[in-house]
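Here is my note on the model you sent round. Please read it with the structure open beside you.

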Amino acid sequence: MSVRCRFAPAPSGSLHVGNVRSALFSWLWARHHGGTFVLRVEDTDASRVTEEAFRGVLDDLRWLGLDWDEGPEIGGPDEPYRQSQRMAIYAEAIERLLAQGHAYRCYCTPEELEARRDGAKARGEAPGYDGRCRSRTPEEIAAFDAEGRTPVVRFRMPDGEQVLMDLVKGEVRWAAGEIRDFVIVRADGSPVFLLAVAVDDLAMGVTHVVRGDDLLTAAPRNVAVIRALGGMPPAYAHVPQVVGPDRKPLSKRHGSTSVQAFREQGYLPEALVNYLALLGWSPGDDRERMSREELVAAFDLSRVSSNPAAFDTEKLTWLNNYYIQSLDDDDLAARCVHFLVEAGVGVDPVLLRRAMPLVKERMKTLAEVVDLLRFLFSDDIAPNAKAADILAKAPEGYLKEAAAALDACPGWDAEQIARTLDGLAERAGLNRTKGWQPIRAAVTGSNVSPPLPESLTLLGRERALLRVRAAG
RNA sequence: GGUCCCAUCGUCUAGAGGCCUAGGACACCACCCUCUCAAGGUGGAGGCACGGGUUCGAAUCCCGUUGGGACUACCA
């Protein structure tokens, strides 16, 4: 039987990296087995779901390269792939569960339930649903209906111990009665997540459910519903949560944890995918920098760690720099354009392309291209504090001499420029550092820049001279 | 409160009873390289949460403690 995995996000605008890691593991498992990856959107909570939020999730997955074989905008044999459009399917399942006695109508009001929960707690008992409506007489039901009560539908958990063979956690057991009858249809008639997931996973022939371990206790309930519907439950793999530096589950208060945020900061999808794959998984050898193909080939759910992993931006950043360095110059330049434009810096594509060898090992994120190359594309190079200081401390007349020397430089390539600058420094009795920094400050407006001779080459003699003279 | 999950350097991890004097990576420190900043190279510091067992032998198996987390909803 071929492997079918799915990712079932709620449309949240942009996925946060914890969700993405679940998606990635699911995708890797499917691809590793040459199976199918299904995308299903859990938008039953229609009140808060916007089209924009839905688009955001699809955009994130596409950007990351987590392609789906069946799902929104692609279609497939189990359409539709948005839960909000599958209500008829749930309704049919609910009818069957009710008819076969796997579910029953519960007339307890929220107030009654709360009171009984409180009572149970006060007596030191477990507070879950007590099963009161499991067997109501027709008279009682008629009385409730006459009262105008609208029932919910509850699933009748089978008796006995519940056992789950989880691919990550191993065997997990719940004692009989531990998992109470749960609501599958609200009083307003809408199906609940616990029902929808089970129905969909069954209908879509999902063989492996890979998701966060916050859903571990949902698994025996998913399994029970699927069995009640006469189906074979999938295998489950509950991967641990991704936590923040404070060891709390990743959330908004950890700041920029959405895919969108990393994208805007100039992280590469290659880096994010590689990093996330390593968060809670390792190939078992010392490999860390792995291509998508290598990840697919090596991935194994049984090697997923069962303890929560803290997200470490520093390591992500290291990987990002590595992938930036490994990009070819055309590709890198193309990816940089967006950031320069966003920063309001005009771009000369030819110059940009030629500048790539100078900046690729200096960029930790694509966004850093702006500060590194602004001097090339903008003549507004007002010196920063450190550059101003360097210029102020330069020997009297040094920049005038520099202008003259550069003007007389026999050829405008890095080698000859370097020779010219060395001669200049030597005549002034300065070492390279002292001798070159004033030129850098004058030409780039900064104390930090790509290598100076190469930068001057790109800038061109005219513009370079203009700047050196202006500073002198 | 109850049930369940989890526990190796600051962080991610390797580790399936002797291969462990606990390996790798990020970060950190030092040095080398060097026109600034990076990148790169070399080296260093740094860890099995605690207590009991089991065993000739435990990071590894068992129990407990402590500490995190999830669930316990007409949330997902």
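**Notes on the pocket, two arginines and the cores**

1. Helix H1 is the main contributor to the lining of the largest pocket, giving four residues, the most of any element. Bear in mind throughout that this is a predicted model.

2. The largest pocket has a volume of about 920 Å³. Its lining counts 38 residues, and those closest to the centre are Ala 8, Pro 9, Ala 10, Asn 19 and Glu 42. Four elements give two or more residues to this lining: strand S1 (4-7), helix H1 (17-32), helix H6 (193-203) and strand S8 (208-212).

3. How do the residues of the lining of the largest pocket divide into nonpolar, polar and charged? There are 19 nonpolar residues, ten polar and nine charged.

4. Look next at Arg 6. Arg 6 sits in strand S1. Is Arg 6 buried or exposed? Its relative accessibility is 5%, so Arg 6 counts as buried, the cut-off being under 20%. The side chain of Arg 6 has a polar contact, at 2.9 Å, with the side chain of Asp 201.

5. The surroundings of Arg 6 are worth listing. Setting aside residues up to four places away in sequence, Arg 6 touches Ser 26, Phe 37, Val 38, Arg 40, Val 197, Asp 201, Val 206, His 208, Val 209, Val 210 and Arg 211. Asp 201, the polar partner, is thus among the residues that Arg 6 touches.

6. Compare Arg 62, in helix H2 (residues 51-64). Arg 62 has a relative accessible area of 40%, so it is partly exposed: the value falls between the 20% and 50% cut-offs. Beyond its neighbours within four places in sequence, Arg 62 is in contact with Arg 55, Trp 68 and Glu 73. From Arg 62 to Arg 247 the C-alpha to C-alpha separation is 29 Å, and the two are 185 residues apart in sequence.

7. Now the nonpolar cores. In soluble globular proteins, nonpolar side chains tend to be buried together. Here the largest nonpolar core holds 106 residues, of which Leu 373 and Ile 439 touch the most other members. H1 gives the most to this core, with nine residues. H1 also gives the most to the lining of the largest pocket.

8. Which residues is Leu 373 in contact with, leaving aside its neighbours within four places in sequence? They are Leu 352, Ala 355, Met 356, Val 359 and Pro 450. Apart from the largest core lies another core, of 37 residues, including Ile 94, Leu 97, Val 185 and Ala 219.

Notes:
Residues numbered from 1 in each chain as written. Chains lettered and ligands numbered in written order. Predicted model: local features only at pLDDT ≥ 70, side-chain atom pairs only at ≥ 80, totals over all residues. Heavy atoms only, no water. 1 Å grid on protein atoms, 1.4 Å probe; cavity = no way out; pocket = protein on both sides within 12 Å on 5 of 7 lines; lining within 4 Å. Points joined across faces, edges and corners; volume = space filled by probe spheres on them. Nonpolar A, V, L, I, M, F, W, Y, C, P; charged D, E, K, R; others polar. Buried < 20%, exposed > 50% of the residue type's maximum accessible area, 1.4 Å probe, protein only. Polar contact = N/O pair within 3.5 Å; in protein donor to acceptor, adjacent residues only side chain to side chain. Contact = heavy atoms within 4.5 Å. Core = buried A, V, L, I, M, F, W, Y, C linked by side-chain atoms within 4.5 Å.
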